[in-house]
Amino acid sequence: MAPIIKTENLRHLYSEGTPFEHVAIDDINFSAEKGEIIGIIGHTGSGKSTFIQHLNGLLKPSSGRVLFNGEDIFSSKTFTHEVRFKVGLVFQYPEYQLFEETVYKDIAFGPKNMKLSEEQIDISVRGAAEFVGVDEELLNKSPFDLSGGQKRRVAIAGVMAMQPDVLILDEPTAGLDPSGRDSIITNILRYHDATGCTIILVTHSMEEIARSVDRLVVFNKGHIMMDGAPSEVFEHDEELRSVGLSVPEVSLVAKRLRQLGLPIDRSVYTVEQAKKALLAVRGGAAGAP
């Protein structure tokens with residue numbers, strides 16, 4: 001089975017052919033399978049935001065291809081249009097893009113453009129609102145009367161309501177307090193569990209993403225620097241720090257404990273995993289002769 005999204009030798013130049021020409025991403029080969037949860041990390045300017053805007057055709061490659069279910073997304077104008085509904089993109093600070101009179105109308109904007117029936121639109125709107133924790137009594141309110149966190153939820157619901165096969169979120173928790181960040185991530189994971197869609201989370205927060213994804217892709221200077229399971233990526237803490245990134249503190253603690261001879265597995269990179277590993281070591285020690 002072909003990956004749901006794939007890029008081949010993807011390259012993008014800004015201001016091509018001018019003195020200001022800049023290579024944003026270069027030779028990007030990437031694939032995502034149906035149902036995967038992938039984290040994309042990298043410092044500001046690493047190319048990650050430029051990259052994701054290619055995945056639903058908002059940006060056209062200078063060279064290379066983007067494939068959706070094996071077909072070039074620019075094979076025809078009709079297919080490009082279809083892909084923009086099937087690959088949903090939530091920009092950073094999406095609440096600034098709210099514009100309708102009511103929350104309901106804002107969430108319904110995408111489904112209406114898909115030419116769904118009124119009944120289908122209503123089901124999609126209410127389902128998406130429930131996933132992100134927007135109470136029904138808020139649907140008839142103006143989005144501009146909501147709190148910052150509520151606006152963020154509404155904006156995410158507007159993309160979820162299109163029921164995309166791939167949901168891409170660019171820094172979905174930026175600017176939120178810890179409680180708000182945890183809530184947004186929990187809702188995104190609930191949506192994944194219920195729909196089986198592919199999720200791509202873009203962030204620069206290792207602590208946040210470590211608990212959420214199956215796979216990490218690290219961008220640096222327009223290239224993919226690393227691609228693997230979180231435990232594999234976090235093993236390269238010195239390389240990550242050299243490009244302005246950090247690793248979860250608990251993974252550094254686990255690494256040090258291994259160096260001291262404790263049997264802590266390399267897959268430990270969250271507090272919950274570390275707690276289980278230490279209890280297992282303690283239990284083993286207590287049962288030793």
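**Cores, a buried helix and a few odd backbone angles**

Of the 51 residues that form the largest nonpolar core, the ones touching the most other members are Ile 107, Leu 167, Ile 199, Phe 234 and Leu 240. A second core, separate from that one, has 25 residues, among them Phe 30, Val 166, Ile 168 and Phe 219. This fits a familiar pattern: in soluble globular proteins, nonpolar side chains tend to end up buried together. The model behind all of this is a predicted one.

Ile 199 is a handy place to look at the larger core. Setting aside neighbours within four places in sequence, Ile 199 is in contact with Glu 36, Ile 37 and Ile 38, with Leu 167 and Leu 169, and with Ile 188, Tyr 191 and His 192. Leu 167 turns up again here, being another of the core residues that touch the most other members.

Zooming out, the protein is built from 11 helices and 10 strands. Its radius of gyration is 21 Å, close to the 19 Å that the globule rule gives for 289 residues, so the protein is as compact as a globular protein of that length. Along the principal axes, the C-alpha atoms fill a box of roughly 70 × 50 × 40 Å. Buried residues account for 48% of the 289. As for how the chain meets itself, take the contacts between residues at least 6 apart in sequence: 62% of these join residues at least 24 apart.

On the outside, the accessible surface adds up to about 14,400 Å², and 50% of that belongs to carbon and sulfur atoms. The protein carries 30 positive and 40 negative charges, and the mean positions of the two sets are 2 Å apart.

Helix α3, residues 103-113, is worth a closer look. Its buried residues are Val 103, Tyr 104, Asp 106, Ile 107, Ala 108, Gly 110 and Pro 111. Ile 107 is also one of the residues singled out above in the largest nonpolar core. The cover over the buried residues of α3 includes α2 (77-86), α4 and α5. After α3 comes Lys 115, with a positive phi near 65°.

Positive phi shows up elsewhere too. Most residues other than glycine have a negative phi, but Asn 9 has a value near 50°. Asn 9 lies in strand β1, residues 5-14, and counts as partly exposed at 42% relative accessibility. Asn 69 also has a positive phi, near 50°. Asn 69 is found in the loop between β4 (63-68) and β5 (71-72), and at 48% relative accessibility it counts as partly exposed.

Two acidic residues round things off. Asp 170 sits in strand β7, residues 166-170. With a relative accessible area of 7%, Asp 170 is buried, because the cut-off for that label is under 20%. Not counting residues up to four places away in sequence, Asp 170 touches Ser 49, Ile 52, Val 90, Phe 91, Gln 92 and Val 202. Thr 203 is 33 residues away from Asp 170 along the chain, yet their C-alpha atoms are separated by 6.7 Å.

Glu 137, on the other hand, is exposed, with a relative accessible area of 58%. Glu 137 lies in the loop between α4 (118-132) and α5 (148-160). Its C-alpha atom is separated by 35 Å from that of Leu 55, a residue 82 places away along the chain.

Key. Residues numbered from 1 in each chain as written. Predicted model: local features only at pLDDT ≥ 70, side-chain atom pairs only at ≥ 80, totals over all residues. Heavy atoms only, no water. Helix = DSSP H or I, 4+ residues; strand = E, 2+ residues; numbered from the N terminus. Rg over C-alpha atoms; globule rule 2.2 N^0.38 Å. Buried < 20%, exposed > 50% of the residue type's maximum accessible area, 1.4 Å probe, protein only. Contact = heavy atoms within 4.5 Å. Areas by Shrake-Rupley, 256 points an atom, 1.4 Å probe, with all protein chains shown as cover. Lys, Arg positive; Asp, Glu negative; His and termini not counted. Charge placed at Lys NZ, Arg CZ, Asp CG, Glu CD. Core = buried A, V, L, I, M, F, W, Y, C linked by side-chain atoms within 4.5 Å.
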